[in-house]
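Reader: Hey, I've just opened this one and could use a quick tour. Can we start with what sits in the middle?

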Amino acid sequence: MSIRENFETPSRFKTWSYALMGVGALSLIVGYILYGNVDHGTHFWSALLHNGVYFLLVVNAAMFFFAASSLAWGGWQISFRRVTEAISASVIPIGAITFVILLALVFGHKSNIYEWLDRDIVKNDEVLKGKSSFLSPTFFIAWSVLTIGLWTIFGIKLRGISREIDNAPITIEEGKKYIFKSTIWSAVYIVWFTLTVASVTPWLWLMSLNAHWFSTMYSWYTFASSFVAGIALITLFVIYLKNLGYLEYTNDEHLHDLGKYQFAFSIFWTYVWFAQFMLIWYGNISEETIYFKTRFEGAYEGLFYLNLTINFLAPILIYMSRPSKRNYATVTFMSVALLFGHWIDFYQMVFGSTMKDHVPMNLFDFGIAAGFVGLIMWNTARVLGKYPLIPKNHPFLKESIIHYT
Amino acid sequence: MSIKKFVVGCFTDEQVLFSAIKKVRSSGYKIHDVYTPMPIHGLDKALGLRDTSLHTAGFIYGITGTLTALCGIGWIFTSDWPLNFGGKPHFSLPAWIPIMFELTVLFSAVGMTLTFCYLCQVAPFVKKHHFHPRATDDLFVMVLECTPKNNEADMSSFLGGTGAIEVNVQEAETGWWLGTYDKDRKPFEKKKASLA
């Protein structure tokens with residue numbers, strides 16, 4: 001079979017990505033004029049925090065996907081592995097943007113977003129005083145630098161390892177050494193991933209929006225949410241490239257497995273989400289239920305059920321049967337729905353804490369989201385075009401070609 | 001049940017087996033079944049079998065479990081024996097979801113196991129004819145069913161030509177029976193007799 005190795009970005013795709021980035025930039029300017037100084041700019045900064053953190057975790061989930069697959073010696077994903085790598089390259093620009101947003105929040109003393117930034121409140125509050133070594137600007141900035149910095153470094157290293165065998169075929173002995181090396185580096189990245197996404201980072205960036213409240217399920221819940229969205233993003237790019245006639249070795253079997261991933265992790269998301277909700281609801285202790293006060297019976301009640309419908313009911317009913325996971329139209333529809341659904345999930349995580357009285361969602365939020373989508377599209381296409389689309393010398397490539405579910 | 005005549009071919013190589021299946025199917029002989037020591041990817045597709053409906057059965061069992069839990073617990077806690085748990089409403093759905101989930105898993109697991117046993121006709125004391133003792137060890141065994149239209153000598157030579165290392169003709173019970181493997185032992189006894 002002849003394969004097309006080099007991806008050329010179609011001009012329509014380029015135009016769309018530039019247009020979306022333009023919409024994002026315009027929304028940023030208009031949003032700053034409209035909301036930047038209203039009520040200390042709560043809406044403006046919440047929207048930036050929400051979109052920055054969400055899209056950073058989503059592109060980082062693509063990196064987690066290929067690192068976890070390499071660690072488990074999963075061969076099936078090799079035929080579209082370059083797509084996941086290209087998406088994960090967006091950790092660099094989006095990480096930089098999110099880091100700037102976080103810096104602006106801390107150094108702008110946005111205590112309307114992060115309550116613990118206000119020294120006077122912390123001084124008179126026993127709970128916040130007890131948490132002050134953790135919830136302090138120093139630790140916040142240091143951990144954010146480490147998080148985003150090490151993601152960037154490990155990402156460059158892992159992508160480098162993947163590309164180094166592109167030029168010449170390797171022998172079996174070299175192949176064994178190569179697999180060992182990529183396994184070790186993937187393992188190192190996953191340890192850091194566990195310390196960041198699966199534990200400390202969501203506590204700092206998102207959970208500290210309710211500085212008094214805590215939940216031990218929170219980071220798992222954030223991870224599950226971003227991972228489902230990450231798989232959905234990978235699936236969309238794979239389907240787009242298939243439509244253009246690239247990725248000849250990727251077929252219905254791979255699509256089926258991506259669908260299974262989305263299905264399984266949607267159920268996992270529901271499990272974690274429900275475990276957090278049910279225990280707090282059952283315990284009925286006021287310092288715990290305060291988190292669900294705005295979301296379960298306050299202004300965010302509609303979003304609460306919308307969130308559950310898109311992220312649980314839709315996948316379990318639509319993805320349950322085998323033919324639906326092998327149908328390109330259904331999978332495309334569900335991937336878009338899940339990306340939007342988890343954007344909603346993150347929206348209520350952020351806005352349910354910063355703006356409790358009403359849901360301020362409007363075109364400005366969608367505009368900022370469009371900007372990030374455009375950035376991901378542009379950067380992914382740019383990286384895809386630079387390197388061969390199929391790692392043709394990878395020892396596991398054959399396993400991917402004959403993959404059968 | 002009924003006793004039929006079968007032509008049995010044994011293969012040692014997966015690749016040879018797949019090409020043999022293709023040849024046999026295009027020649028029009030009827031494949032009774034293929035017995036392999038381990039699951040082989042793509043064999044069901046090569047044999048032209050339809051997808052199993054075990055999932056649909058599992059879904060129905062699961063839904064039955066969910067509804068059983070919901071109806072049972074709903075009736076008990078709201079009308080039969082309402083209790084006050086820390087001021088919670090009598091109809092408190094979130095607290096019931098774990099129980100609904102557990103009954104879903106229980107019903108679908110037990111139901112699917114029983115359905116699987118029924119479909120494969122396996123149960124305690126139920127015996128079926130084994131076409132080749134090494135089918136559970138290291139041989140892929142393809143069994144062709146003889147019909148009145150074709151004769152077994154042609155079928156045997158055809159099967160030998162597709163790469164089978166061993167071909168024989170057996171008359172065997174197609175269904176299952178209760179008891180021992182007496183009906184299976186007979187061919188071995190014959191062999192022993194001829195050696196002696």
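Author: Sure. The largest nonpolar core has 98 residues, and those with the most contacts inside it are A:Val59, A:Val228, A:Ile231, A:Leu233 and A:Ile234. A nonpolar core here is a set of buried Ala, Val, Leu, Ile, Met, Phe, Trp, Tyr and Cys residues joined through C-beta atoms within 7 Å. Buried means 20 or more other C-beta atoms within 10 Å of a residue's own, exposed means 12 or fewer, and partly exposed is in between, with C-beta atoms placed from the backbone.

Reader: Which element gives the largest share of this core?

Author: H2(A), with 19 residues. Helices are DSSP runs of H or I with at least four residues, strands are runs of E with at least two, and both are numbered from the N terminus.

Reader: And what is A:Leu233 in contact with?

Author: Leaving aside neighbours within four places in sequence, A:Leu233 is in contact with A:Val58, A:Ala62, A:Ile87 and A:Leu339. Contact means that the C-beta atoms of two residues, placed from the backbone, lie within 7 Å. Apart from the largest core lies another core, of 22 residues, among them B:Val8, B:Val24, B:Met142 and B:Ala164.

Reader: Hang on, how do the numbers and letters work, and where does the model come from?

Author: Residues are numbered from 1 along each chain as its sequence is written, while chains are lettered from A and ligands numbered from 1 in the order in which they are written. It's a predicted model, where local features need pLDDT of at least 70, side-chain atom pairs count only at pLDDT 80 or more, and totals for chains, interfaces and linings use all residues.

Reader: Cool. Back to H2(A): how many of its residues are buried?

Author: 26 of its 30, so to speak mostly covered. Helix H2 of chain A covers residues 42–71 and reaches 42 Å from its first C-alpha to its last, close to the 44 Å expected. The expected span is 1.5 Å times one less than the number of residues. After H2(A) comes A:Trp73, with a positive phi near 55°.

Reader: What about chain A overall, how many helices and strands?

Author: 16 helices and zero strands. Its radius of gyration is 21 Å, close to the 22 Å that the globule rule gives for 405 residues, so chain A is as compact as a globular protein of that length. That radius is taken over C-alpha atoms, and the rule is 2.2 Å times the number of residues to the power 0.38. Buried residues make up 43% of chain A.

Reader: And chain B?

Author: Chain B has six helices and six strands. Its radius of gyration is 25 Å, well over the 16 Å from the globule rule for 196 residues, so chain B is more spread out than a compact globule. Its C-alpha atoms fill a box of roughly 80 × 35 × 30 Å along the principal axes, and 15% of its residues count as buried.

Reader: What domains is chain B divided into?

Author: Domain 1 (3–50 + 124–195) and domain 2 (54–120), with bounds from an automatic or database domain assignment. Their centres, taken over C-alpha atoms, are separated by 44 Å.

Reader: Which residues of H3(B) are buried?

Author: B:Tyr61, B:Gly62, B:Gly65 and B:Ala69, and they pack against H4 of chain B.

Reader: Last one: how many residues of chain B are in contact with chain A?

Author: Seven, in contact with seven residues of chain A. Helix H4 (residues 93–120) of chain B gives the largest share of that side, three residues.
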